[in-house]
Amino acid sequence: MTAAAAEDLDYLRAPDSQGTGAALHAFVTELYPICRSITGDGVRATLDILRRSLPITVHEVPTGTPVFDWTVPQEWNIRDAYIKDGEGRRVVDFKASNLHVVSYSTPIHETMPLGVLRDHLFSLPEKPEWIPYRTAYYKKDWGFCLTHNQLTALKDGMYEVCIDATLEDGHLTYGELLIPGASANEVLISAHICHPSLCNDNLSGISIAAHLAKKLIGMSLRYSYRFVFMPATIGSITWLAANEATAERIKHGLILACAGDPGSSTYKKSRRGNAEIDRAVAVVLRDSGAAYEVNDFLPYGYDERQYCSPGFNLAVGSLMRTPNGRFPEYHTSADNPDFVTPDALADSLSKVEAALFLLEHNRRYVNRNPKCEPQLGRRGIYRALSDQKGDGRHELAMLWVLNLSDGEHTLLDIAERSALSFAAIRNAAALLLAHDLLIERTDRIL
Ligand code: ZN
């Protein structure tokens, strides 16, 4: 990465300095009305919007394609759905919220008594104003989700039930974008794209990934960056099945999900637990000065279940704010554009950028003057730094870099061990390098 490009990935830049949060939030709001599922036109419509500003390749994988132990399912598309009472009034209307229909519901158009219909209705008694989000991907069934207030208002009688949907052979659709860098080694950024009108779980990750991709295009990069926008679980399984050789090039990766709520940042480590990405994100969160959590890997959640399956064991972690299932709005109509905030979205993006900055700049150096300390004052760099800031932190960073630059330790190692920020360590290394006190060790891959 060039110096100019590095400035663009400014380390832990103050959020929203350029209206980034507003742009991220506006994108969430634009994508919000689309009825997405694991297949179908909602995914295509979402990718079409992403393709306005990104050269994403759209892949269509036919129904029935075997992908490891799974099979690409039939494609689901929905046009309309409702429950009408005896007077013909729509008491539940898909057009009011796409969450009203259980995703992947089989088509139906029948009239039935409430007693029969009730088995297909789902509500949240503890949150009577919210619509739950439910799916029936892998079992043929149908259902409606409604607020508990709507449910309790239904009177005995006959209801006309219509789900005007198709479930038939078609395709699974996903989007992919490779931004080439100097190395063929890749960083994977993965966002799922299968949730309907839900913001934190789904759209926050899509928006942040898209904005990140736009920033990286045209930069001079060390790594190549692969962005994937695909349905959770079946999408990553499909991608991995078709890209086993490519997966070997993925050296680091992040899943972006639940990244826009006002809670503090949470990082879930890869299965490896001590991969460079795990350590990089932990240092970024530490350096941010804000509250955060780092959690161990758990084979539950999003696509880490596939990327970190033992046959791949990729170094892919998940950057979130409040994790899935730990906020009451999760998988309900309350996960709406009001729940995600511009500041939180911008903050999550800046932390992803900081982690990538760290990966781009993590190096191993050799101290060219290893026998006792070099005389920094004679070179004018000891005093120069202490003039800038009187707390001695910059001098300490130089001393740490000189001491640990034995060809074994990386700048990330030094940032961890010194408890100084990665930015301070990297700046110190740059200064020492400029004074010929360090030489980069390039014969060893990090
Ligand atoms: Zn979800």
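**Exercise 1. Which strands does helix 15 (residues 422-434) lie across, and at about what angle does helix 15 run to strand 19?**

Before starting, keep in mind that this is a predicted model.

*Step 1.* Find helix 15 and look at the strands it covers: they are strand 17 and strand 19.

*Step 2.* Compare directions: helix 15 runs at about 105° to strand 19.

*Step 3.* Now try the neighbouring case of helix 14 (residues 411-418). Helix 14 lies across strand 17 and strand 18, and its angle to strand 18 is about 65°.

**Exercise 2. Work out the strand order of the sheet that contains strand 17, and name its edge strands.**

*Step 1.* Trace the sheet: three strands form an open sheet in the order 18-17-19, and their pairing is antiparallel.

*Step 2.* Look for strands that pair on one side only. These edge strands are strand 18 (406-410) and strand 19 (438-440).

*Step 3.* Add the twist, which averages 35° from one strand to the next.

*Step 4.* Zoom in on one pairing. Strand 17 (residues 364-367) and strand 19 run antiparallel and are joined by three bridges. Within this pairing, Asn-367 stands opposite Leu-438 of strand 19.

**Exercise 3. Identify the residues that coordinate the zinc ion, and decide whether Asp-201 and His-331 are buried or partly exposed.**

*Step 1.* List the donors: His-195 (NE2), Asp-201 (OD) and His-331 (NE2) coordinate the zinc ion at 1.9 to 2.1 Å.

*Step 2.* Write their spacing along the chain, which is H-x5-D-x129-H.

*Step 3.* Place two of these donors. Asp-201 is in helix 6 (residues 199-216), while His-331 is in the loop between strand 16 (316-320) and helix 11 (342-361). The pair links distant parts of the chain, 130 residues apart.

*Step 4.* Apply the cut-off: buried means under 20% relative accessible area. Asp-201 has 0%, so Asp-201 is buried. His-331 has 22%, so His-331 counts as partly exposed.

**Exercise 4. Describe how helix 6 and helix 11 pack against each other.**

*Step 1.* Choose the quantities. Two packed helices are described by the angle between their axes and the distance between the axes.

*Step 2.* Read them off: helix 6 and helix 11 pack at about 50°, and their axes are 10 Å apart.

*Step 3.* Classify the angle. Angles under 35 degrees count as roughly parallel, and 65 to 115 as roughly perpendicular. Helix 6 and helix 11 are therefore oblique to each other.

*Step 4.* Give the handedness: the crossing of helix 6 and helix 11 is right-handed.

*Step 5.* Name some contacts. Helix 6 contributes residues including Ser-204, Ile-208 and His-211, and the residues they meet in helix 11 include Leu-345, Ser-348 and Leu-349.

Key: Residues numbered from 1 in each chain as written. Predicted model: local features only at pLDDT ≥ 70, side-chain atom pairs only at ≥ 80, totals over all residues. Heavy atoms only, no water. Donors = N, O, S within 2.8 Å, 3.2 Å for Na, K, Ca; no water. Helix = DSSP H or I, 4+ residues; strand = E, 2+ residues; numbered from the N terminus. Buried < 20%, exposed > 50% of the residue type's maximum accessible area, 1.4 Å probe, protein only. Pairing = 2+ DSSP bridges. Axes fitted to C-alpha atoms, helices over the stretch in contact; angles between N-to-C directions. Contact = heavy atoms within 4.5 Å. Parallel < 35°, antiparallel > 145°, perpendicular 65-115°, else oblique. Left-handed = near helix turned anticlockwise from the far one by under 90°.
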